[in-house]
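Work through these exercises with the model open beside you. Try each task before reading its solution.

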Amino acid sequence: MMGSSEEAAAPLLPAAATEEEMMRCPGCVQERRKARRGGRIPYVELFFVAVTTLASSLPITCLFPFLYFMIRDLQVAQREDIGYYAGFLGASYMVGRSFAAIFWGVVADRIGRKPVIVFSILSVVIFNTLFGLSTKYWMALTTRFVLGALNGLLAPIKAYSIEVCQTEHQALGLSIVSTAWGLGLIVGPALGGYLAQPVEKYPHVFSRESIFGRFPYLLPCLGVSFFAAIVLISCIWLPETIHRHEFLHKDIKRIKGLSLQQAYGDSPRKKSLFQNWPWMSTMISYCFFGLHDTAYSEILSLWAVSDRKYGGLSFSTEDIGGVLAVAGASLLAYQLIIYHWVHKFLGPIMSLRIASALSILILSTYPFMTNLSGTKLSFAFYSAAMMKSVLAITISTGICLLQNNAVLQEQRGTANGVSTTAMSFFKAVAPVGAGVLFSWAQKRQDAMLFPGDQVVFLMLNLVELIGLIFTFEPFMVLPPAPDA
């Protein structure tokens with residue numbers, strides 16, 4: 001009988017693998033390391049996960065606070081058309097990533113997680129710096145596109161965060177990825193806001209004859225690249241997790257005593273990813289939530305720095321940088337202190353549904369902030385931005401946990417590559433759509449129905465609502481319990 005707890009906990013056995021092969025196999029080494037850990041959290045491995053994810057995500061949105069001014073200085077558009085050109089530049093990274101994400105996922109499954117992670121960080125160091133040196137619109141567009149295509153970290157790092165953790169810590173591992181990614185998407189704009197145009201902001205430190213006078217948007221890019229270079233060096237100590245031999249999957253009865261997610265995660269699934277409906281059913285919500293988050297990130301900065309006569313807040317890049325820095329700090333505190341309890345009591349699916357509903361309510365308050373000023377405006381805007389970032393990370397962590405528990409290890413990199421490609425397509429559409437929508441909204445300040453910025457936030461809420469609807473049956477199917 002194979003239903004005992006000892007057999008339930010037994011690892012999958014390699015087929016035709018010698019003892020020497022198992023000793024040298026990085027996946028087996030990682031499994032022995034996890035066994036020796038005795039249930040303790042892998043702090044060192046999760047630290048590597050956090051810093052590599054942060055280095056990869058920082059360049060994605062660091063340009064948003066100065067994107068408006070960069071397009072203006074490149075002299076490719078009239079003032080009322082800046083949002084249109086900004087949308088295409090903001091989308092170029094995601095377009096590049098959508099072309100290459102599946103490729104990097106397959107490579108990570110074939111040759112390992114570590115080589116893809118190292119190459120991705122190296123691409124950040126090189127091409128993010130080149131973006132800061134752009135003097136033509138086409139150069140900025142090209143460097144962002146190439147950076148997106150070569151930065152294939154997101155798929156393997158999600159798989160890696162699962163593989164370095166024992167089952168009870170997998171939610172923590174993925175939440176670290178979501179937290180670091182979300183933190184990068186918030187801290188990136190904060191860096192862009194504080195460090196862009198340093199000659200104008202810090203004239204006593206930077207002279208107009210310096211390189212930062214000629215390239216006013218180089219400093220934030222250089223800061224991100226410098227951090228990525230440090231992370232690249234630390235990747236030397238990054239352990240590999242992929243197995244170098246085939247596995248003999250035991251009878252499904254051996255997992256009889258496991259929980260639903262564990263059982264489904266360890267059951268023999270040889271079908272194609274596209275026949276795995278529990279995995280496929282998470283994709284629609286994943287894409288719509290990604291579309292919403294990217295559009296929100298761009299619109300938030302464009303709306304906040306635009307003039308009040310166009311429905312904005314007349315913030316400076318330092319002001320929006322401060323808001324995003326505080327939002328990032330609140331996000332970090334939430335993930336370290338609170339999220340564990342949210343996941344424990346609500347689970348991934350219920351927590352993301354509640355977070356999505358609350359996000360719609362909070363976003364509905366943004367258009368009315370233009371009626372505030374001074375301390376009241378600061379309090380309202382800071383509070384809303386902090387809550388919105390916390391809710392967004394709750395949603396993304398829940399979706400990623402559902403996705404990664406629905407596939408085997410040998411499919412995990414490819415599965416994350418496919419989902420990243422799909423999400424990247426939506427995230428590529430998001431800046432273009434957001435830029436066009438924002439430019440159109442600025443021209444209809446006197447409209448009777450949803451004037452100006454109101455229509456912008458209405459569209460954001462509609463996208464979020466679609467994502468929420470697709471988390472319910474019959475659209476989303478949770479992993480089924482295997483037959484005994």
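**Exercise 1.** Which residue just after α6 takes a positive phi?

Solution. G112 does, with a phi of about 125°. Helices here are DSSP runs of H or I with at least four residues, numbered from the N terminus. This is a predicted model, in which local features need pLDDT of at least 70 and side-chain atom pairs count only at pLDDT 80 or more, while totals for chains, interfaces and linings use all residues. Residues are numbered from 1 along each chain as its sequence is written, and side-chain values use heavy atoms, with hydrogens and water left out.

**Exercise 2.** State how confident the predictor is, and where confidence drops.

Solution. Use pLDDT, the predictor's confidence in each residue, from 0 to 100. The protein chain has a mean of 80, and 87% of its residues reach 70 or more. Over residues 248–270 the value is below 50. That stretch still has 57 contacts beyond near neighbours in sequence; a contact means heavy atoms within 4.5 Å. Residues 1–16 also stay under 50.

**Exercise 3.** Check the length of α6 against its residue count, then look for a kink.

Solution. Take the expected span as 1.5 Å times one less than the number of residues. Helix α6 covers residues 82–111, 30 residues, so it should span 44 Å. Its end C-alpha atoms are 43 Å apart, which agrees. Now look at A100: a kink of about 45° is centred there. The bend is the angle between axes fitted to the seven residues ending at a residue and the seven starting there.

**Exercise 4.** Repeat the check on α17.

Solution. Helix α17 runs over residues 317–363. A straight helix of 47 residues would span 69 Å, but the end C-alpha atoms of α17 span only 21 Å. Find the bend: about 105° at G347. The proline P348 follows within four residues.

**Exercise 5.** Describe how α7 packs on α13.

Solution. Fit the axes to C-alpha atoms over the stretch in contact; angles run from 0 to 180 degrees between N-to-C directions. The axes of α7 (residues 113–132) and α13 (residues 218–234) come within 8 Å and cross at roughly 160°. That makes α7 roughly antiparallel to α13 (over 145 degrees). The crossing is left-handed, meaning that the near helix is turned anticlockwise from the far one by less than a right angle. Residues in the contact include V118, I121 and L122 of α7, and L218, C221 and L222 of α13.

**Exercise 6.** Find a cis peptide bond and a positive phi outside glycine.

Solution. Most residues other than glycine have a negative phi, and most peptide bonds are trans. The bond from E473 to P474 is cis, with omega near 5°. P474 lies in the segment after α20 (453–469). Q197 has a phi near 50°. Q197 sits in the loop between α10 (170–195) and α11 (198–201).

Terms used: Helix = DSSP H or I, 4+ residues; strand = E, 2+ residues; numbered from the N terminus. Parallel < 35°, antiparallel > 145°, perpendicular 65-115°, else oblique.
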